[in-house]
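Please look through the sequence and the model below before reading on. The paragraphs that follow are meant to be read with both in view.

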Amino acid sequence: MRRRLYWLVPDAESARRFGDDLLLAQIEHRHTHFLAREGVNLGPLHEASILQTTDVRHAAIGGTLAGVLLGALAGWIYARNPIAGLEIGVGGIVLMTAFGAAFGFFASTLVGTSLPNSYLRRFARDIDEGRILAMVDVPYRRVEEVQALLSGRHPEAAWRGVDPEVPAFP
């Protein structure tokens with residue numbers, strides 16, 4: 001289980017030193033994400049991907065659940081009221097449910113990639129002013145250790161809290 005830690009770093013050079021200290025603390029590169037405004041060169045730092053900057057994950061979950069419910073409902077209604085003598089059984093309902101889940105996932109992720117991450121909205125002003133958001137995913141047992149280490153080594157970085165919900169996949 002991981003937790004995502006947030007810091008605001010004042011500039012790219014400070015962010016590079018911050019990233020170096022994360023590597024020294026044995027935080028893998030793939031568990032660090034840096035978000036800066038357009039045009040800022042982060043060099044070797046791992047930039048935040050579409051998974052961190054958009055609401056694609058939340059949209060995918062919601063769309064899949066809605067698709068499952070609507071597919072199952074459509075299958076059940078069709079099983080109760082067959083059209084032109086074409087009857088479906090349990091297998092047909094399962095197939096319609098699976099199709100609904102797949103379509104809901106597909107459609108909602110298309111929408112989700114165009115929506116900014118609602119959790120990161122609170123950092124938008126700071127990022128627009130030139131600060132860099134550092135997002136670090138650490139094991140639950142190391143949260144306090146990493147926070148203390150980075151706070152001590154980087155007084156210029158502003159601690160912005162912990163997000164308790166980090167997906168299991170990177």
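What follows goes through charged pairs, a pocket, a surface patch and one loop residue.

This is a predicted model, in which local features need pLDDT of at least 70 and side-chain atom pairs count only at pLDDT 80 or more, while totals for chains, interfaces and linings use all residues. Residues are numbered from 1 along each chain as its sequence is written, and side-chain values use heavy atoms, with hydrogens and water left out.

Side chains of opposite charge can pair when their charged atoms come close. The structure holds nine salt bridges, a salt bridge being a side-chain nitrogen of Lys or Arg within 4 Å of a carboxyl oxygen of Asp or Glu. One of them joins Arg 4 and Asp 137, with 2.6 Å from N to O. Because Arg 4 lies in strand 1 (residues 2-9) and Asp 137 in strand 3 (residues 132-139), this pair ties together parts that are 133 residues apart in sequence. Strands (E, at least two residues) and helices (H or I, at least four) are DSSP runs, numbered from the N terminus. Both Arg 4 and Asp 137 are buried, where buried means under 20% relative accessible area, exposed means over 50%, and partly exposed lies in between (1.4 Å probe, protein chains only).

Another salt bridge brings together Glu 145 and Arg 142, at 3.1 Å from N to O. Here Glu 145 is partly exposed, at 46% relative accessibility, whereas Arg 142 is buried, at 14%.

Which residues are linked in a network of salt bridges? They are Arg 125, Asp 126, Glu 129 and Arg 131. Within this group, the closest N and O atoms of Glu 129 and Arg 125 are 4.0 Å apart. Arg 125 counts as exposed, at 65% relative accessibility, while Asp 126, in helix 5 (residues 124-128), is buried with a relative accessible area of 16%. The C-alpha atom of Asp 126 is separated by 7.9 Å from that of Leu 8, although these two residues are 118 residues apart along the chain.

The second largest pocket has a volume of about 210 Å³. On a 1 Å grid over the protein atoms alone, a pocket is an open set of points where a 1.4 Å probe fits, with protein on both sides within 12 Å along at least five of seven lines, and its lining residues have an atom within 4 Å of a point. The volume is the space filled by probe spheres set on the points, which are joined across faces, edges and corners. Among the lining residues are Leu 35, Thr 53, Pro 116, Asn 117 and Arg 121. Leu 35 is found in strand 2 (residues 32-35) and is buried, with a relative accessible area of 17%.

On the surface, Leu 70, Leu 73, Trp 76 and Ile 77 make a nonpolar patch of about 410 Å². Such patches consist of residues with over 30% relative accessible area and no salt bridge, in which nonpolar side chains (Val, Leu, Ile, Met, Phe, Trp, Tyr) are joined within 5 Å and like charges within 9 Å; accessible areas come from the Shrake-Rupley method with a 1.4 Å probe, and for residues only the protein chains shown count as cover. Ile 77 is found in helix 3 (residues 56-80) and is partly exposed, at 39%.

Finally, Gln 26 sits in the loop between helix 1 (12-24) and strand 2. Its phi is near 65°, a positive value in a residue other than glycine, and Gln 26 counts as exposed, at 69% relative accessibility.
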